[in-house]
Amino acid sequence: MKTLRLLAVGWYYQFKMISRSPFEGIGQVIYPLFFATVAFFIFRASESPRTLLYAALGSAVMGMWSATSTTAGNAMQRERWHGTLESLVATPPHFGLVLLPITLAMSTIGIYCLVATLALGRFVFGIDLTVEHPLLFALAIVGAVVSFGSLGFLFAVSFVRFRAAWALGNLFEYPVWLIGGFLVPLVLLPEWVRPISWALAPTWGMSAIREAALGGSPLPDLLLCLGLGAIYVALGLAMLERVLSAARKRGALALS
Amino acid sequence: MSYRALFYWLTFWIFVPGLVVAPVFQILLFAYIGRSAELESDEFYVVGNAIQYAAIPALFAMSQLVAGEKFQNTLGAILVSPAPRLPLFFGRAVPVVANSVFVAAFALTAGTLILGVDVPASSIPALALVIVVAAVSCTGLGLINAALGLRIRENAVLSNAIFGFLLIFTGANIPLSQLPDWMRAVSEVIPFTHSIQAARELADGASLGSVIDLVGTELLISAAYLSAGYLLLRFFEGQGRRHATLERS
């Protein structure tokens with residue numbers, strides 16, 4: 001119960017803080033809208049059987065990923081810059097329980113992106129989104145947020161040795177948009193890319209959201225998405241142990 | 001010298017992911033979206049996005065010319081000096097143009113190689129010229145962005161917004177004929193639209209002579225944006241002095 005409370009409180013305060021940040025909050029909501037607009041124009045102009053609804057859902061989830069990838073890679077570095085990293089590591093709860101709510105809060109900002117993109121599609125491009133399974137759609141969004149945040153957690157821990165962690169986080173924005181099947185069906189990608197797509201929770205999160213909206217069966221995709229999220233957290237925690245113990249031994253926690 | 005001082009943080013580990021790898025993925029993303037939508041050829045997206053990505057160094061680096069000085073608390077010292085402003089601001093723009101040219105040229109080369117787009121060898125010198133013109137043009141827009149940095153605190157958000165605006169309006173990914181009239185009218189007076197059009201024609205085998213009107217228009221646009229950027233910088237500098245607000249935002 002204590003752990004859950006720590007996660008919830010951490011998430012709530014981080015979410016409030018990020019929401020008020022012009023770059024991480026407002027900027028991360030606005031930026032994907034430009035890409036969504038391009039996608040809407042492209043799909044509207046084409047004679048492809050893929051509908052604008054397909055583009056609307058894909059663009060919306062692109063925004064969710066965007067909100068996570070560009071900021072989460074830098075989550076640990078940010079604490080270092082603020083001078084709060086040592087204090088947070090020294091607190092009795094495991095540092096993973098402090099870091100995970102930060103990246104979850106970042107991915108939660110993605111819900112703003114999702115709403116903004118769907119609203120753009122509805123009111124500017126006239127895309128009528130009728131969600132076939134509203135409850136499952138909501139569940140799929142929550143599942144996607146959790147798994148995106150978990151992948152962000154893994155990024156945050158993995159990139160901590162890099163001084164330019166934010167640049168690495170940025171780097172993963174386009175590739176995941178591409179190979180996550182957000183706007184491009186996976187069958188169009190080279191075969192060697194597909195196993196990479198399958199290992200990414202955003203691929204399954206996207207699929208679950210699309211299935212729920214269009215009337216398919218989203219549960220298997222949602223479970224895969226959450227399962228991969230759990231694996232990312234486990235990997236992140238294992239890596240965090242090594243990173244922290246190495247930093248403690250060398251007295252290098254504040255450095256880089 | 002000021003470029004090196006302001007961009008001491010631009011290491012290999014930031015340059016490569018942000019300015020070498022990212023534009024290639026932007027090209028791939030839109031080329032595959034284009035394939036999925038069955039709208040335009042790979043060449044359309046390779047040329048459009050390679051040139052449009054030159055906006056990243058042009059916008060962000062130019063805004064850093066003001067934001068970086070502000071961050072380092074050196075803006076006041078620079079603006080209080082009697083140094084002539086024209087070489088001061090335009091001198092700083094030269095490395096930015098060079099960087100933008102490199103980014104666009106690399107992205108174009110990598111994009112054509114990865115997607116197997118065929119560009120005639122005879123078009124390469126003319127394409128290089130178009131890329132330089134495009135980079136100068138967007139650096140003019142970057143100068144306006146830098147001037148706004150004297151008033152706006154969140155330059156990174158503004159730069160991202162301008163980048164996104166260019167992504168939509170320049171025809172980098174959307175054929176101009178698909179844009180509503182008012183958007184097409186806007187696209188006529190912003191950087192990149194004409195250079196992207198010229199580069200596409202060159203990639204199709206056209207001669208430099210046949211696109212010279214497009215290149216000329218882009219040059220006129222760059223002159224207009226550079227002048228507007230310079231005037232805006234002087235205006236905001238004057239305002240900042242009068243109201244003692246240079247370092248405030």
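Me: Helices here are DSSP runs of H or I with at least four residues, numbered from the N terminus. This is a predicted model, so let's start simple: what pattern does chain B follow, read along the sequence?

Reply: Chain B has 0 strands, so the pattern has to come from DSSP helix runs. There are 11 helices in chain B. Read along the sequence, that gives α-α-α-α-α-α-α-α-α-α-α.

Me: And what is the radius of gyration of chain B?

Reply: For 249 residues the globule rule gives 18 Å. Chain B comes out close to that, so it is as compact as a globular protein of that length. Its radius of gyration is 18 Å.

Me: How much of chain B counts as buried?

Reply: The C-alpha trace of chain B spans about 55 × 40 × 30 Å along its principal axes. Among its contacts with a separation of 6 or more, 80% are between residues 24 or more positions apart. As for burial, the share of its 249 residues that makes the cut is 51%.

Me: Over to chain A: how many helices are there?

Reply: Chain A has 0 strands. From the N terminus on, its elements run α-α-α-α-α-α-α-α-α-α-α-α. The helix count in chain A is 12.

Me: What radius of gyration does chain A have?

Reply: Its C-alpha atoms fill a box of roughly 60 × 35 × 35 Å, taken along the principal axes. A compact globule with 256 residues would have a radius of gyration near 18 Å. Chain A agrees with that, at 18 Å.

Me: Where is the kink in α2(B)?

Reply: Helix α2 of chain B covers residues 12–37, and at 1.5 Å a residue its 26 residues should span 38 Å. Its end C-alpha atoms are 36 Å apart, which agrees. Just after α2(B), Glu38(B) takes a positive phi of about 55°. The kink itself, about 40°, lies shortly before the proline Pro23(B), at Ala22(B).

Me: Which element gives the largest share of the side of chain A that touches chain B?

Reply: The contact takes 32 residues from chain A and 32 residues from chain B. On the chain A side, the elements giving two or more residues are α2 (22–45), α8 (165–171) and α9 (173–179). That side divides into 25 nonpolar, 5 polar and 2 charged residues. The largest share, 14 residues, comes from α2(A).

Me: Which helix gives the most to the largest nonpolar core?

Reply: That core has 161 residues, and Ile209(A) and Ala104(B) touch the most other members. The helix that gives the most supplies 15 residues, and it is α7 (residues 124–148) of chain B.

Me: What does Ala104(B) touch, not counting residues up to four places away in sequence?

Reply: Ala104(B) is one of the two residues that touch the most other members of the core. With residues up to four places away left out, its partners are Ala50(B), Ile51(B), Tyr53(B), Ala54(B), Ile131(B), Ala134(B) and Ala135(B).

Me: Last one: does Gly205(A) count as buried or exposed, and why?

Reply: Gly205(A) lies in helix α11 (residues 201–214) of chain A. Not counting residues up to four places away, it touches Val61(A), Gly143(A), Ala144(A), Ser147(A), Phe148(A) and Cys225(A). The cut-off for buried is 20 or more other C-beta atoms within 10 Å. Because Gly205(A) has 32 C-beta neighbours inside 10 Å, it counts as buried.

Notes. Residues are numbered from 1 along each chain as its sequence is written. Chains are lettered from A and ligands numbered from 1 in the order in which they are written. This is a predicted model: local features need pLDDT of at least 70, side-chain atom pairs count only at pLDDT 80 or more; totals for chains, interfaces and linings use all residues. The radius of gyration is taken over C-alpha atoms; the globule rule is 2.2 Å times the number of residues to the power 0.38. The expected span of a helix is 1.5 Å times one less than its number of residues. The bend at a residue is the angle between axes fitted to the seven residues ending there and the seven starting there. Two residues are in contact if their C-beta atoms, placed from the backbone, lie within 7 Å. Ala, Val, Leu, Ile, Met, Phe, Trp, Tyr, Cys and Pro count as nonpolar, Asp, Glu, Lys and Arg as charged, and the others, Gly among them, as polar. A nonpolar core is a set of buried Ala, Val, Leu, Ile, Met, Phe, Trp, Tyr and Cys residues joined through C-beta atoms within 7 Å. A residue is buried if 20 or more other C-beta atoms lie within 10 Å of its own, exposed if 12 or fewer, and partly exposed in between; C-beta atoms are placed from the backbone.
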